[in-house]
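Hi,

Here is the structure I promised to pass on. Have a look at it first, and then read on for my notes.

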Amino acid sequence: MSATIPFQWTAGAIWLQANGGIIRIPGFHDEWIKRHQDQVPGCANVCDVVLKRGWLSVVSYADHYVELLIATRHQPDYVEVALRYLSLNLQHWQTALVMTMDEEGYFKLAPADFENLAALRQRLTPQP
């Protein structure tokens, strides 16, 4: 089931689609994938869905901590979806980790990073 408001904060695990659509995951992503092959055909795990469907995996935890998994930061659309979700929901989180499928490491963000979106975009998007 999708949330009715694009980019709406949702506690727990979700899929975040490029248009801001939210698909709530009542348990673990991998269990949901097994039960919803009609929505994610050919996907066996979180990595498959992120890479093949372009959806972001988002999990919010206690203590205002959230993790986002995106396919790549080399395509600005993925970064923009993550930044839009986080920026519209600043009051719900204190620490965010943005991880990519194609690189080692992560980007640790705080709400204060959103005071200068241009600098944040430059930090997250590889420069030529």
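One bit of vocabulary before the notes: Ala, Val, Leu, Ile, Met, Phe, Trp, Tyr, Cys and Pro count as nonpolar here, Asp, Glu, Lys and Arg count as charged, and the others, Gly among them, count as polar. Please also keep in mind that this is a predicted model.

**The cavity**

With that sorting in hand, what lines the largest cavity? The residues are I70, R73, V79, A82, V98, T100, F107 and L124. Helix 3 (76-88) and strand 5 (95-100) are the elements that give two or more residues to this lining. By class, the lining divides into six nonpolar residues, one polar and one charged. As for how much space there is, the largest cavity holds about 30 Å³. A search of the whole structure turned up one cavity of 30 Å³ or more.

**The sheet**

Next, the strands. Six of them make an open sheet in the order 2-1-3-4-5-6, and the pairing is mixed. Which strands sit at the edges? Strand 2 (22-25) and strand 6 (106-109) do, each pairing on one side only. From one strand to the next, the twist averages 20 degrees.

If you want to trace a pair of strands on screen, try strand 1 (residues 13-16) and strand 3, which pair in the antiparallel sense over four bridges. You will find W15 opposite S57 of strand 3. Helix 3 packs on this sheet, where it touches strand 1, strand 2, strand 3, strand 4 (65-70), strand 5 and strand 6. The direction of helix 3 makes about 160 degrees with that of strand 4.

At the other end of the strand order, strand 5 and strand 6 run antiparallel and are joined by four bridges. V98 has F107 in strand 6 as its bridge partner, and both V98 and F107 are in the lining of the largest cavity. Strand 5 and strand 6 also form a hairpin, with five residues between them. In the turn, G105 has a positive phi of about 90 degrees.

Strand 6 is a nice one for looking at side chains. In a regular strand the side chains alternate between the two faces of the sheet. Along strand 6, F107 and L109 point to one face and are buried, while Y106 and K108 point to the other face and are not buried.

**Three buried residues**

I picked out three residues to look at one by one.

- L83 lies in helix 3. Why does L83 count as buried? Its relative accessible area is 2%, and buried means under 20%. Leaving out residues up to four places away in sequence, L83 touches L109, F114, L120, R121 and L124. L109 is one of the buried residues of strand 6, and L124 is one of the cavity-lining residues. L83 and L69 are 14 residues apart along the chain, and their C-alpha atoms are separated by 12 Å.
- V59 has its place in strand 3 (residues 56-61). V59 is buried because its relative accessible area is 18%, which falls under the 20% cut-off. With residues up to four places away in sequence not counted, V59 touches G12, A13, H29, Y65, V66 and E67. From V59 to R123 the C-alpha distance is 22 Å, with their positions 64 residues apart in sequence.
- T125 is found in the segment after helix 4 (117-124). T125 counts as buried, at 18% relative accessibility. Again not counting residues up to four places away in sequence, T125 touches R73, P76 and V79. R73 and V79 are among the residues that line the largest cavity.

**A loop to check**

Last, please look at the loop between strand 3 and strand 4, where D63 is found. D63 is not a glycine, yet it has a positive phi of about 60 degrees. H64 is found in that loop too, and its phi is also positive, near 60 degrees, in a residue other than glycine. Are these two buried or exposed? D63 counts as exposed, at 70% relative accessibility. H64 is partly exposed, with a relative accessible area of 40%.

Cheers

Key
Residues numbered from 1 in each chain as written. Predicted model: local features only at pLDDT ≥ 70, side-chain atom pairs only at ≥ 80, totals over all residues. Heavy atoms only, no water. 1 Å grid on protein atoms, 1.4 Å probe; cavity = no way out; pocket = protein on both sides within 12 Å on 5 of 7 lines; lining within 4 Å. Points joined across faces, edges and corners; volume = space filled by probe spheres on them. Buried < 20%, exposed > 50% of the residue type's maximum accessible area, 1.4 Å probe, protein only. Contact = heavy atoms within 4.5 Å. Pairing = 2+ DSSP bridges. Axes fitted to C-alpha atoms, helices over the stretch in contact; angles between N-to-C directions.
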